[in-house]
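Look at the sequence and the structure together. This report follows charged pairs first, then helices and strands.

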Amino acid sequence: MKVLLIEDDEMLAEAVSQILIKNNYSVDVSHDGEYGLDCALCGIYDIILLDVMLPVLDGMQVLRQMRQEGITTPVIMLTARGELRDRIRGLDCGADDYVAKPFETEELLARMRAVIRRKGEYHNGGKLAYGDLSFNPHTKEIEREGQMLLLSTKESQLLELLIAYAPCALSKERIIEKLWGYDTDASDSHVETHVSLLRKKLRQVGSRSMIRGIRGVGYLLCDNR
């Protein structure tokens, strides 16, 4: 799952990023509202953590412009402001939740999970299901009929992405954007390598789910019944 963190406090942004990465999120960071808005408008993120007090454009301006452009990505506002009128303003601008600084790590993670559940992405204790396969993106484990296998971080992120987009195909470019971000040296060969590794692990647990490659289009996950 890909997160955009828009936070001008670089030390806080680094700390939050490390926490999210340890919890199997892929994170891009912006330290000002203008660049953060540019990132948000690309539509590749699953959730956005947005500070209110930002340089260039403040968080409310970023959020308002996102919603005006039709970006429906869930947004949690991060701010030192805890007054009721500020929370109401953020929610009225289109925020999905609001966390006042300083916040506990577990509270932030729980609120992120709650927002994602409301979007219908997770069920059954955080697990995803596809065909005969059960997948927990937080523990990175796949299971089929009692057989369990641990995925690497990138394999886990790739499977989560393929499940989210099924039955539609994803281009290699889109996969690179979602898994590695824009500022990356990752190439098509990186995608091909991780697809190959994930295919092997799906076969190892005996799943009928398979990753199909479509020439000139990309990859899609299908239930080979």
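E107 and R111 form a salt bridge, and their closest N and O atoms are 3.0 Å apart. The model behind this value is predicted. Both residues sit in helix α5, four residues apart, so about one helical turn separates them. E107 is partly exposed, with 32% relative accessibility. R111 is partly exposed too, at 28% relative accessibility.

## Salt bridges across the chain

How many salt bridges does a search of the whole structure find? The search finds 13. Three of them, including the pair in α5, are set out here.

| Pair | Closest N and O atoms |
|---|---|
| E107 and R111 | 3.0 Å |
| D51 and K101 | 3.1 Å |
| D28 and K2 | 3.4 Å |

Take D28 and K2, whose closest N and O atoms are 3.4 Å apart in their salt bridge. D28 belongs to strand β2 (residues 26-30) and K2 to strand β1 (residues 2-6), so the salt bridge ties together parts that are 26 residues apart in sequence. Are these two residues buried or exposed? Both D28 and K2 are buried.

Now take D51 and K101, a salt bridge with its closest N and O atoms 3.1 Å apart. D51 lies in strand β3 (residues 47-51), while K101 lies in the loop between β5 (97-100) and α5 (105-118), so this pair ties together parts that are 50 residues apart in sequence. The two partners differ in cover. D51 has 3% relative accessibility and counts as buried. K101 has a relative accessible area of 22% and is partly exposed. Buried means under 20% relative accessible area, so K101 does not count as buried at 22%. The pair also has company: E7, D51 and K101 are linked in a network of salt bridges.

## Strands β1 and β2

The strands that hold K2 and D28 also pair with each other. β1 and β2 run parallel, and five bridges join them. Which residue of β2 is the bridge partner of L4? The partner is D28. D28 thus appears twice here: as the bridge partner of L4 and in the salt bridge with K2. β2 is mostly covered, with four of its five residues buried.

## Helix α1

Helix α1 covers residues 10-22, which makes 13 residues. From its first C-alpha to its last, α1 reaches 18 Å, close to the 18 Å expected at 1.5 Å a residue. Which residues of α1 are buried? They are A13, V16, S17 and L20. Seen down the axis, these buried residues fall within an arc of 105°, so they line one face of α1. M11 and K22 are exposed on the other side of the helix. The cover over the buried residues of α1 includes β1, β2, β3 and α5.

Both ends of α1 have a detail to find. At the start, a side-chain oxygen of D9 comes to within 3.2 Å of the backbone nitrogen of M11. After the helix comes N24, with a positive phi near 70°.

## Helix α8

Helix α8 has 17 residues, from 188 to 204. At 1.5 Å a residue, α8 should span 24 Å. Its end C-alpha atoms are 25 Å apart, which agrees. Buried in α8 are V191, H194, V195, L198, K201 and L202. They cover an arc of only 125° around the axis, so they are on the same side of α8. On the other side, R203 and Q204 are exposed. G206 follows α8 and has a positive phi, near 75°.

One of the buried residues in α8 deserves its own look. Why does K201 count as buried? Its relative accessibility is 18%, and buried means under 20%. What does the side chain of K201 reach? It reaches the backbone oxygen of L150, at 3.2 Å. L150 is also among the contacts of K201. Leaving aside neighbours within four places in sequence, K201 is in contact with I142, L149, L150, L151, S152 and E155.

## Back to the model

Find the two helix faces once more. In α1, the buried residues line one face, with M11 and K22 exposed on the other side. In α8, the buried residues lie on the same side, with R203 and Q204 exposed on the other.

Key. Residues numbered from 1 in each chain as written. Predicted model: local features only at pLDDT ≥ 70, side-chain atom pairs only at ≥ 80, totals over all residues. Heavy atoms only, no water. Salt bridge = Lys/Arg side-chain N within 4 Å of Asp/Glu carboxyl O. Helix = DSSP H or I, 4+ residues; strand = E, 2+ residues; numbered from the N terminus. Buried < 20%, exposed > 50% of the residue type's maximum accessible area, 1.4 Å probe, protein only. Expected span 1.5 Å × (residues − 1). Arc of directions from axis to C-beta. Polar contact = N/O pair within 3.5 Å; in protein donor to acceptor, adjacent residues only side chain to side chain. Contact = heavy atoms within 4.5 Å. Pairing = 2+ DSSP bridges.
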